[in-house]
Amino acid sequence: MHDNHEPTCALCRKFALPFDEQSPLVDWGYCRKELAGREPTPEQLEEIEEQVRKGDYRFLSEGKVPLYEALGEGCDDFEDTGHH
């Protein structure tokens, strides 16, 4: 039997979760394949994290660093990490 479960980005080898467990963005990250060569710098990530700690979520609309929550939307490029 097959279920309709879509794999989440968090279970993909290509998805980077750059924030630590104390971060308000702990579940946020980016696709390494999508950003190949344009990965955010530690400084950019730190700046976004500081903005979010102050309640400023502009990074969502500015699009400079396309971060998103690891949701189960399915992806043709999904590569299972094997960690479930």
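This report describes the fold, the sheet, the nonpolar core, the aromatic pairs and two individual residues of a predicted model.

## Overall architecture

The protein chain contains 2 helices and 3 strands. Along the sequence these elements follow the pattern β-β-α-α-β.

The chain has 84 residues, of which 32% count as buried. Its exposed surface comes to about 6,200 Å², with carbon and sulfur atoms supplying 47% of that area. Among contacts with a separation of 6 or more, 62% are between residues 24 or more positions apart.

## The sheet

The strands form an open sheet of 3 strands in the order S1-S2-S3, with antiparallel pairing. S1 and S3 stand at the edges and have a single partner strand each, so one side of each lacks a neighbour in the sheet.

Strand S1, residues 15-16, pairs with S2 in the antiparallel sense over 2 bridges. Within this pairing, Phe 15 lies opposite Cys 31 in S2. On the S3 side, S2 is joined to residues 68-69 by 2 bridges, and these two strands also run antiparallel. Here Trp 28 has Glu 69 as its bridge partner, while Gly 29 stands opposite Tyr 68.

## The nonpolar core

The largest nonpolar core has 12 residues, including Ala 16, Phe 19, Leu 25, Trp 28, Tyr 30 and Leu 35. Leu 45, Ile 48, Val 52, Phe 59, Val 65 and Leu 67 also belong to this core. Two or more residues of the core come from each of strand S2 (28-31) and helix H1 (42-53). The largest share, 3 residues, is given by H1.

Trp 28 is a core member and is buried, with a relative accessible area of 14%; that value is under the 20% limit for burial. Leaving aside residues up to four places away in sequence, Trp 28 touches Ala 16, Leu 17, Pro 18 and Phe 19, among others. The contacts of Trp 28 further include Phe 59, Leu 60, Leu 67, Tyr 68 and Glu 69. Glu 69 in this list is also the bridge partner of Trp 28 in S3.

## Aromatic pairs

The structure holds 3 aromatic pairs. One of them joins Phe 15 and Tyr 68 in a tilted arrangement, with 5.5 Å centre to centre and 45° between the planes. This pair links distant parts of the chain, since Phe 15 belongs to strand S1 and Tyr 68 to strand S3, 53 residues apart. Phe 15 is buried at a relative accessible area of 7%, whereas Tyr 68 counts as partly exposed at 27% relative accessibility.

An edge-to-face pair is formed by Trp 28 and Phe 59, with 5.6 Å centre to centre and 75° between the planes. This pair likewise links distant parts of the chain: Trp 28 is in strand S2 and Phe 59 in helix H2 (residues 59-62), 31 residues apart. Phe 59 counts as buried, at 4% relative accessibility. Ring pairs also bring in Tyr 57, giving a cluster of Trp 28, Tyr 57 and Phe 59.

## Ser 23 in the loop between S1 and S2

Ser 23 is located in the loop between S1 and S2. Despite this loop position, Ser 23 is buried, with a relative accessible area of 6%.

The side chain of Ser 23 reaches the backbone nitrogen of Leu 25 at 2.9 Å. Leu 25 is itself one of the residues of the largest nonpolar core. When residues up to four places away in sequence are not counted, Ser 23 touches Glu 49 and Arg 53. Glu 49 and Arg 53 both fall within the residue range of helix H1 (42-53).

## Leu 71 after S3

Leu 71 lies in the segment that follows S3. At a relative accessible area of 43%, Leu 71 is partly exposed. The C-alpha atoms of Leu 71 and Leu 11 are separated by 9.9 Å, although these residues are 60 residues apart along the chain.

Terms used. Residues numbered from 1 in each chain as written. Predicted model: local features only at pLDDT ≥ 70, side-chain atom pairs only at ≥ 80, totals over all residues. Heavy atoms only, no water. Core = buried A, V, L, I, M, F, W, Y, C linked by side-chain atoms within 4.5 Å. Buried < 20%, exposed > 50% of the residue type's maximum accessible area, 1.4 Å probe, protein only. Helix = DSSP H or I, 4+ residues; strand = E, 2+ residues; numbered from the N terminus. Contact = heavy atoms within 4.5 Å. Pairing = 2+ DSSP bridges. Areas by Shrake-Rupley, 256 points an atom, 1.4 Å probe, with all protein chains shown as cover. Phe/Tyr/Trp six-rings, centres within 6.5 Å; stacked < 30°, edge-to-face > 60°. Polar contact = N/O pair within 3.5 Å; in protein donor to acceptor, adjacent residues only side chain to side chain.
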